[in-house]
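Visitor: I am new to reading structures, and I would like to look closely at a single part rather than rush through everything. Please choose one stretch of the chain and take me through it slowly, explaining how each piece is linked to the next.

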Amino acid sequence: MQAAVISSFPFPSYFASSKRLKMTTASPDFSPHTRRPGVSTLLLLLVAVVLLSCFLLHTAVQFGITTNNGSPLYSDSKENSLERVLKVASMPDNTVILTTLNEAWAAPDSVIDLFLESFRMGDQTRWLLNHLLIVSLDQKAFSRCMAVHSHCFSLVTEGVDFSHEAYFMTPDYLKMMWRRIDFLRSVLEMGYNFVFTDADIMWFRDPFPHFHPDADFQIACDHFSGRSDDLENKPNGGFKFVRSNKRSIEFYKFWHASRGLYPGLHDQDVLNKIKNDSFILEMGLHLRFLDTSYFGGFCEPSEDLDEVCTMHANCCLGLSSKLHDLRILLEDWKMYVSSSPMGSESYGWRVPLNCSLDSLHLYVQQPDPTWPNSI
């Protein structure tokens with residue numbers, strides 16, 4: 001299993017060589033002609049040992065050198081860096097699939113298990129698991145990832161606890177969303193293309209044949225107008241394919257910096273604000289929106305099971321409602337794939353059920369900050 005941890009940004013500074021602690025001590029002479037060391041000498045040696053231990057521990061934590069259970073392991077930091085994990089997980093063209101995970105979604109029989117199961121039961125999607133890197137936002141999520149998947153990376157944010165379900169539009173929720181944008185920017189700067197997918201998206205078919213070949217940045221939609229270049233489409237940041245180049249890197253920097261212009265908004269709302277900005281036109285970014293016929297969700301389901309690639313549990317409030325409807329979604333897919341070709345046309349989705357759009361409309365009209373973010 002490949003795993004790594006990193007503690008803070010910017011990433012380039014973490015891949016620079018660390019300064020080594022140099023300690024010079026005289027070798028003890030244990031010949032009969034020497035005196036036994038006094039108390040002060042023993043005390044100095046003890047202090048030196050403690051300082052060296054603290055230094056090694058700090059280095060291990062700083063550079064994320066861990067064993068499979070997350071405990072510190074003293075090794076070469078370069079061999080355990082994000083870059084190494086990306087290299088192992090990526091496809092020959094430097095493309096990797098990324099998702100983020102916290103403790104709330106990492107529990108047994110929770111979102112992450114359904115997510116991985118969809119790859120295993122999808123139509124020729126199992127091989128994509130070889131290129132999936134799970135980015136854990138807390139230690140328990142990292143430990144669970146190491147138990148169920150091959151490629152894991154722990155992204156730690158000092159002073160912020162991302163382990164619990166993030167409630168919609170709370171300060172911790174906003175920090176988590178913007179941290180994700182900054183992390184993805186760093187992946188692009190390292191030369192890797194990525195498909196970012198929320199873990200509440202079920203993968204049923206290989207999406208790559210349906211990506212636009214000329215697009216730098218392409219993103220799924222809550223509602224699709226019918227045209228991939230229509231800026232009136234309603235994007236959803238839970239699923240996107242981004243190619244690493246100068247334009248996409250500048251776009252991510254601009255996106256992240258724009259949060260200062262729209263304080264209190266999350267990344268998706270800020271994207272809606274800036275997608276018409278002249279700066280994006282000037283940088284020459286090729287932006288496309290993905291058709292919900294292939295990349296659907298509970299907001300706008302993919303109606304044709306013979307065509308669907310992914311289904312997102314969007315437009316859904318509450319983890320329990322999300323899990324309920326995702327389990328039914330997987331059951332529907334199982335019935336579809338087990339049916340004869342002649343009978344497959346009769347199958348469709350029974351969801352959303354608990355993820356009703358009526359409850360979402362109620363939330364929009366009368367927002368309740370205690371409702372968790374599952375939209």
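Guide: A salt bridge is counted when a side-chain nitrogen of Lys or Arg comes within 4 Å of a carboxyl oxygen of Asp or Glu. Please keep in mind that this is a predicted model. With that rule in hand, we can begin at arginine 350 and glutamate 331, whose side chains meet in a salt bridge with an N to O distance of 3.3 Å. The two partners come from distant parts of the chain, since arginine 350 is in the loop between H11 and helix H12 while glutamate 331 is in helix H11, 19 residues apart. For the surroundings of this pair we need two limits, because a residue counts as buried under 20% relative accessible area and as exposed over 50%, with partly exposed in between. Arginine 350, at 43%, is therefore partly exposed, and glutamate 331, at 41%, is also partly exposed. This is one of the 16 salt bridges that the structure holds.

Let us stay in the loop that holds arginine 350. Proline 352 also has its place in the loop between H11 and H12, and the peptide bond leading to proline 352 from valine 351 is cis, with omega near 10°. That deserves a pause, because most peptide bonds are trans.

The loop between H11 and H12 also carries cysteine 355, and following this residue leads us back along the chain. Cysteine 355 forms a disulfide with cysteine 316, and their sulfur atoms are 2.0 Å apart. This pair again links distant parts of the chain, with cysteine 316 in the loop between S11 and H11, cysteine 355 in the loop between H11 and helix H12 (357-365), and their positions 39 residues apart. A disulfide is a covalent bond between the sulfur atoms of two cysteines. The torsion about the S-S bond of cysteine 316 and cysteine 355 is -50°, and the link is left-handed. Cysteine 316 has a relative accessible area of 0%, so it is buried, and cysteine 355 is buried as well, because its value is 1%.

Now we can step to the residue beside cysteine 316. Cysteine 315 is likewise found in the loop between S11 and H11, but its disulfide partner is cysteine 299, with an S to S distance of 1.7 Å. Here the pair links cysteine 299, in the loop between S10 and S11, to cysteine 315, in the loop between S11 and helix H11 (319-338), and the two are 16 residues apart. The torsion about this S-S bond is 100°, which makes the link of cysteine 299 and cysteine 315 right-handed. Cysteine 299 has a relative accessibility of 8% and so counts as buried, and cysteine 315, also at 8%, is buried too. The backbone of cysteine 315 has its own feature, a positive phi near 50° in a residue other than glycine. Most residues other than glycine have a negative phi.

It helps to place these two links in the whole. A search of the entire structure finds three disulfides, and when the bonded cysteines are counted along the chain, the pattern is 1-2, 3-4, 5-6. The remaining link joins cysteine 145 and cysteine 152, whose sulfur atoms are 2.0 Å apart.

Finally, we can return to the loop between S10 and S11, where we met cysteine 299. Glutamate 303 is found in this loop, which runs between strand S10 (295-297) and strand S11 (310-312). Glutamate 303 has a relative accessible area of 65%, so it is exposed. Together with Asp304, Asp306, Glu307 and Glu345, this residue gathers in a patch of negative charge on the surface. The part we have followed thus brings together a surface patch that includes Glu303, a disulfide from cysteine 299 to cysteine 315, another between cysteine 316 and cysteine 355, and the salt bridge of arginine 350 and glutamate 331 with which we began.

Methods. Residues numbered from 1 in each chain as written. Predicted model: local features only at pLDDT ≥ 70, side-chain atom pairs only at ≥ 80, totals over all residues. Heavy atoms only, no water. Patch = residues over 30% accessible without salt bridge, like charges linked within 9 Å, V, L, I, M, F, W, Y side chains within 5 Å. Areas by Shrake-Rupley, 256 points an atom, 1.4 Å probe, with all protein chains shown as cover. Lys, Arg positive; Asp, Glu negative; His and termini not counted. Charge placed at Lys NZ, Arg CZ, Asp CG, Glu CD. Helix = DSSP H or I, 4+ residues; strand = E, 2+ residues; numbered from the N terminus. Buried < 20%, exposed > 50% of the residue type's maximum accessible area, 1.4 Å probe, protein only. Disulfide = S-S within 2.5 Å.
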